[in-house]
Amino acid sequence: AAFTVSPRAPLPPPCGGRTRPPRYRHVVVIVMENQGFAQVADAPHAPYLARLGRACGLATDYHAVTHPSLPNYLALTAGSTFGIVDDGEPQSHPLAAASLFSQLHGDWRALEESMPTACDRVTQGSYAARHNPAVYFTNLGAACRRHDVPLRYPLDLGAAFTLITPNICNDMHSCPVAVGSRWLAGIVPRIVASRPYRAGTLVAFIVWDESDTGPSNRVAAFVVAPSVPPGLRVGTRFTHYALLRTVEQLLGLSRLRAARTAPSMVRPFHL
């Protein structure tokens, strides 16, 4: 059954409601764009994110794996950049490879803001195909049209894995950080108010694909879950491969490629 949530639902405290980690059956990952750690963590122009960092968990030494956007999205969902070094459209980079999507056999959903039609493989308007990794994997077949859909409300968070991708303004790529912070202030409370989150079975991660502000490619990664102690900051070095490993571990999946040797975020964040 699909879980939906009304934006008017009562909002419980986002983190710290449980002392023992529950079994997480739903994982949500929101991917933002092109901002370094200092631009979004404790930044005055991102007040919602500053509050979220105090209320939940924050990885303080998290790094993207490369530039530009597309190979980072592939790293997050398949454990490899596949040697891709550009933001080419799906027709330029067809991938017949295993991914988090194929591992889940249909128990996934990608919610893409401003995407004109399901599984759209062409960049247009404020929708960027390079920010939608599922459309690059040719072995998904018809499942792509069923599960890779435009972002709409109320949110459907019933799948084991949900990838949420804002459009190129709300993700901070083409608009100020403050715009993206306000967008997150609208969607994260909806996630926290959802039935699976209130049941203690959903964890959400908010991460940036890459940093445009320094050679280290250090970005922020927020962890929102009932078992995360409020204000927890973890200084372990993580990358997108670590986040993929963490998602696979939580959902009982085998590890793909570079995720096999990446550190897990499960124990450090009390998941």
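A cavity is a set of grid points where a 1.4 Å probe fits but cannot get out. With that idea in hand, let's work through some exercises on this predicted model.

**Exercise 1. Find how many cavities of 30 Å³ or more the structure holds, and describe the lining of the second largest cavity.**

Step 1. Begin with the count: there are 2 cavities of 30 Å³ or more.

Step 2. Take the second largest cavity, which holds about 30 Å³ of space.

Step 3. Look at its walls. The lining is made by E112, E113, S126, Y127, A128, H131, T165, P166, N167 and I168.

Step 4. Sort these residues by class: 4 are nonpolar, 4 are polar and 2 are charged.

**Exercise 2. Work out which elements line the largest cavity, and what classes of residue are found there.**

Step 1. The space in the largest cavity comes to about 50 Å³.

Step 2. Its lining consists of V29, V31, L76, T77, L100, F161, L163, L243, L244 and V247. Strand 1, helix 3, strand 5 and helix 8 are the elements that each give two or more residues to this lining.

Step 3. Helix 8 gives the most, with 3 residues.

Step 4. By class, the lining of the largest cavity has 9 nonpolar residues, 1 polar residue and no charged ones.

**Exercise 3. Decide whether helix 3 is largely enclosed or open, and name the elements its buried residues pack against.**

Step 1. Recall the cut-off: a residue is buried when its relative accessible area is under 20%.

Step 2. Go along helix 3 and list the buried residues: S69, L70, P71, N72, Y73, L74, A75, L76, T77 and A78.

Step 3. That makes 10 of the 10 residues in helix 3 (residues 69–78), so the helix is largely enclosed by the rest of the structure.

Step 4. Now find the neighbours. The buried residues of helix 3 pack against strand 1 (26–32), strand 2 (57–63), helix 4 (100–103), strand 5 (161–165), strand 6 (202–208) and helix 8 (240–250).

Step 5. Finish with the residue just after helix 3: G79 has a positive phi of about 80°.

**Exercise 4. Identify the residues with the most contacts inside the largest nonpolar core, then list what I30 touches.**

Step 1. A general tendency helps here: in soluble globular proteins, nonpolar side chains tend to be buried together.

Step 2. In this model, the largest nonpolar core has 96 residues, and I30, F161, L184, W208 and L271 are those with the most contacts inside it.

Step 3. Leave out residues up to four places away in sequence, and I30 touches I164, W183, L184, I187, V188, I191, F205, I206 and V207.

**Exercise 5. Locate the cis peptide bonds at P68 and P154, and the positive phi values of D42 and H270.**

Step 1. Keep the usual pattern in mind: most residues other than glycine have a negative phi, and most peptide bonds are trans.

Step 2. H67 and P68 are joined by a cis peptide bond with omega of about -5°. P68 sits in the loop between strand 2 and helix 3.

Step 3. From Y153 to P154 the peptide bond is also cis, with omega near 0°. P154 belongs to the loop between strand 4 (148–150) and strand 5.

Step 4. D42 has a positive phi, near 60°, and lies in the loop between helix 1 (37–40) and helix 2 (47–55). Its relative accessibility is 44%, so D42 counts as partly exposed.

Step 5. For H270, phi is positive and near 60°. H270 is in the segment after helix 8 and is partly exposed, with a relative accessible area of 37%.

How values were computed: Residues numbered from 1 in each chain as written. Predicted model: local features only at pLDDT ≥ 70, side-chain atom pairs only at ≥ 80, totals over all residues. Heavy atoms only, no water. Buried < 20%, exposed > 50% of the residue type's maximum accessible area, 1.4 Å probe, protein only. Helix = DSSP H or I, 4+ residues; strand = E, 2+ residues; numbered from the N terminus. Contact = heavy atoms within 4.5 Å. 1 Å grid on protein atoms, 1.4 Å probe; cavity = no way out; pocket = protein on both sides within 12 Å on 5 of 7 lines; lining within 4 Å. Points joined across faces, edges and corners; volume = space filled by probe spheres on them. Nonpolar A, V, L, I, M, F, W, Y, C, P; charged D, E, K, R; others polar. Core = buried A, V, L, I, M, F, W, Y, C linked by side-chain atoms within 4.5 Å.
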